[in-house]
Every structure is written in C-alpha cells, then in structure tokens.
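Q: Hey, I've got a structure open and could use some help reading it. Can we go through it bit by bit?

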Amino acid sequence: MIRAYRALLIAGFQHAAQYRVSLFLYVFFSLLRPIIFLAAWAAVVAARGGSVGSFGVPDFAAYYIGVTIVLHLSTSWNAYEFEFQIRQGRLSPLLLRPLHPIHYAVVENIVWKVFTAGALIPAIVAIALTFSARFPAEPWHYLLFVPSLLLAAALRFVFGWVVSSSAFWITRMSALNTFSERIGFIFAGQIAPLALLPGPLQAIAYALPYAYMLGVPVDILRGATTLEQSLVLMGGQALWLAAAYAVLQVVWRAGLRQYSAVGA
Amino acid sequence: MNFAIDLLSLVMVISTSVGAVLILFAYTPALGGWTLPQMLVLLGVFYIVQGVSEFVFIPSFERFMEHVRLGTLDFVLLKPVSSQFLVSVRHLKSSNLGQVVLGAAVVGFGLARLEALSPAAVAAFAVALLCGLVLVYALLIVLSTVAFWLVRVENLLAVYQAFLDAGRFPVDIYPGWLRITMSSVLPIGIAITVPAQAVAGRLDSVGLATIVAVAAAAWLFARWFWRFGLRSYTGASA
C-alpha cells in the first residue's frame, strides 16, 4: 500500500507541474470569494459605525482568512469528476485496478494541497495586513484546530462521496451537487460567521453537517470558542463523520451493484 | 429533463444568493449606501449580465478557441459575414437563458419595493444595461483574441468568471485594488453597478454619458484588437 501511494504521489506531482497556470488561477479563485464577503461585512460594519455583534472588521478579516485556509485544506472536487467518470464509462478501467478508486482521489488531493499552499500563504498574509486581522486565540486553540481541521476535511471528503455516489442512479448528479453546495453556501459559514446567522438559521446550521466542515474549525482557529465549546463542536464533527462514513459504505455497495457504464 | 434539472439548480443558486443579501441586511438598513430593494436590483442585474454571457458569449468563445487550436477557424473566415460577429454568437447554451429570466425577476422583485420609476430612469436603466453588456462583450472578445497568439487560453475565461462573481455587490465596497481592477481593465464591476444605479436613482446624466462613452470606446478597441489578432492567425490551410 505504501509503495502504491509512493508511485501515485510521484506521478501526481509530475501531472500537477504541467498545470501551473490553472493552479495560480485556482488560488486566485479561492481567495476572491472570501474577500467578496469580507468586503460586504466591512461595509455593514461601516454602516453601523463600529461592529456587528462581537465582530469588528479585524474579526471578520480573521474569520475569512480562516475560511480560506479551511476551504483550501479541506477541498476535494472528486464529486465533479465522478459524475464525468460514470457518465463516460471511465469508471470501468478504474474498477479493474487493484486499488479502490478512493485512493487515487486521496493522492490527487494531497498533491494539489502541497502545490497550491506556496501561492496561498503570501496572499493570506497580504489580506491579514490590509484588514489588520485579529486572532485572539490561545495556544490550545491552535492545538485543537489541527484535529478539528482533519475532521472537517474528512467529513467534507466522505460527505462529498456520499452525494457523488448518487451518480450511480442519476447520471446528472451535478445538479444534486449544486443543491448540496448551495445549502452549504448558507449554512457552512461562507455568507456569515455562524454566530451572525439570524435566529433559527443558526440552529439549523448547527444541526446540518455543513457547519462542521467549515464554520466550526474556523471559529476554533480564530479563538472564538471556549475549551468546552470546542470539544462539544468537535464531538459533533466526529458524529457526522461517523454517520457519513456509515452511509457511504451502504450507498457505495448498493451503487456498485447498480453500475453499468452508460452505453455498456 | 436536463433542462428542468438545470433550471432547478439555477433557482437554487439564485434564491441562496438572495438569502445571502437578506442575511447581510438583517444587520443594517443600507450597505455602502444601497438599500435592500436597490441591492436586489443589483443582484438581478448581476444574473442578467452573467446569464447573457453564459448563454451566448462564453459558449461561442470556447468553441472559437478550439477552432484556433485545431486550425478549423478557416471555415468561419470563409463565410461572407463579419468573422467577429460569427464567432461571438455562433453557439448558444439555452439553459442559461433561464438565468437572464430569473435575473429579470429579481430586478422586478426589487423594483416592486422601490417607489415608481420615472420614464427617464427606465430609459437610463435600459441604456446603462446595454452599455454594461457591451463592456462585458468587449472584454470577452479581447480575452478570446489572445488565443491567436497563445492558443491555449481557456484559463483567461476563468479569470473573467472569478471577477464576475465579485459583481454581486456594488463595486464601491471593495478594497482599492479590486475596485480599480473591476472598473478599468476588467470593467465587470461598472457593467453591473451602473445599470443598478440608474434604477436606484443614483446615476446622474454625467455618469450615464460616461458609461456610454466608455462602452463605445471599448467596442471600438475590441473591434480593432480582433482584426489585429486575426492577422496572426495561421490556420490549417494558411
């Protein structure tokens, strides 16, 4: 298994090196969205003359820097590829190989992360300085952030596969992906920090899995949670991960039985 | 069936965008001087502009780049019409027409909450929207024309799409570098903000005259640039 991973990683880096421009654009893309909402909240702060709840501009800056970091480190777009592979029947050769297709996805993700980090870090520093971001985090916040981020990434990955697995039944599942993504857009904490979601939206956000993929680790990173809150939230992450994994096992097996390449 | 699915995704995307605006306005009556109904008009214009470009320009230019790469643009150049016109409108992606319609609906939704518009404001809106579309078109054809030299430039369209996303808010809320980029080299910001300003009663005659002049200049530049680029084209048979 280790040898297989080593070979896949080497091939992956060689592959990624061919797409340097796409890579730069990807970094740019992933920064622009958080900046858009950071700017919008800065305008709200200006209109209210000082702060929104406990948030000033430096807090929003810290929040959206956290969003960028967590999104970047936890992203996987295998869902999109998966639809393509099913629709085109490209899954068939992958199933013949001795490794489960998920391993190829894991390697692909590691490669992208390492490759893009170099471009992301200077950009994040620039944003932090422009908006004088404030991180009131204690050392233990950073310590807890690591497992929280890993849980978030794992949850996002497994959850993405669950949604993608519907491609076994619906060949146009990108619509379902859009659906899931847009619910996440509201409830994961992209539009607003979880603490600022008005009324019932906040309760819904903590009940759905999306916040545990983004808003929760970001709040831990910027030091907005107490120790007890952090542990409870991470418990929520672990619960959702276990649930998503269990569902994936069932769906994947059922789906594989269902699979026949389109046209085959 | 695919059309229905695309339409459903579109409704989902637009309604969550409206939701985002509502969340922001839960904390303030005005954002950068824009009230909620005015902001909804702006969001509607954003989807109209994005919808038009994804309905006709983006699919056409994507095909155009492929023609350049494969050397098959010859067949377009042989036809007795303006080659610029032909590559700009040749391919349509009809599901994105829904975005234009829904964008118009969001504009109407915002308008219903504003006081009645004077005929002058309606005319100014129409003119400014047309100018905005011209600006976006000029930008896209310039970006596409670069294909004559660099051949593989699908990525440039991705730059456009990244910046377009920032059009969902008025361009004046952004930090300096972004605001300036979106009002000059990539005039997506003014293409969306100015028409919305016309409806919101925030556009004076000087502003309107300026965007008309800018759009005309962009049109002429794009035309010149296209012809300039075409000279560098070497096709399969050339």
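Q: Let's start with Gln38(B): buried or exposed?
A: Gln38(B) counts as buried, because its relative accessibility is 10%. Buried means under 20% relative accessible area, exposed means over 50%, and partly exposed is in between, using a 1.4 Å probe and protein chains only.

Q: Anything I should know about the model before going on?
A: It's a predicted model, so local features need pLDDT of at least 70 and side-chain atom pairs count only at pLDDT 80 or more, while totals for chains, interfaces and linings use all residues; side-chain values use heavy atoms, with hydrogens and water left out. Residues are numbered from 1 along each chain as its sequence is written, and chains are lettered from A and ligands numbered from 1 in the order in which they are written.

Q: OK, back to Gln38(B). Which helix is it in?
A: Gln38(B) sits in helix H2 of chain B, residues 36-70. Helices (H or I, at least four residues) and strands (E, at least two) are DSSP runs, numbered from the N terminus.

Q: And what is Gln38(B) in contact with?
A: If you skip its neighbours within four places in sequence, Gln38(B) is in contact with Gly33(B), Leu114(B), Ala200(B) and Arg202(B). Contact here means heavy atoms within 4.5 Å.

Q: Zooming out, how many helices and strands does chain B have?
A: Chain B has 11 helices and two strands. From the N terminus, the order is α-β-β-α-α-α-α-α-α-α-α-α-α.

Q: What about chain A, how many helices there?
A: Chain A has 12 helices and zero strands. Its radius of gyration is 20 Å, close to the 18 Å that the globule rule gives for 264 residues, so chain A is as compact as a globular protein of that length. That radius is taken over C-alpha atoms, and the globule rule is 2.2 Å times the number of residues to the power 0.38.

Q: How much of each chain is buried?
A: In chain B, buried residues make up 55% of the 238 residues. In chain A, they make up 50% of the 264 residues.

Q: Switching topic: how many residues does each chain put into the contact between them?
A: The contact takes 33 residues from chain B and 33 residues from chain A. Together the two chains bury about 2900 Å², 78% of it on carbon and sulfur atoms. Buried area is the accessible area (1.4 Å probe) that two parts lose on being put together, summed over both.

Q: Which residues of chain B lose the most area there?
A: Met12(B), Ile23(B) and Tyr27(B) lose the most area to chain A, together 24% of what the chain B side buries.

Q: I also clicked on Ser132(A). Where is that?
A: Ser132(A) is in the loop between helix H6 (101-130) and helix H7 (139-165) of chain A. Its phi is near 40°, a positive value in a residue other than glycine. Ser132(A) is partly exposed, because its relative accessible area is 46%.

Q: And Ala246(A), where does that sit?
A: Ala246(A) is in helix H12 of chain A, residues 227-258. With 43% relative accessibility, Ala246(A) counts as partly exposed. The C-alpha atoms of Ala246(A) and Tyr259(A) are separated by 20 Å, and these residues are 13 residues apart along the chain.
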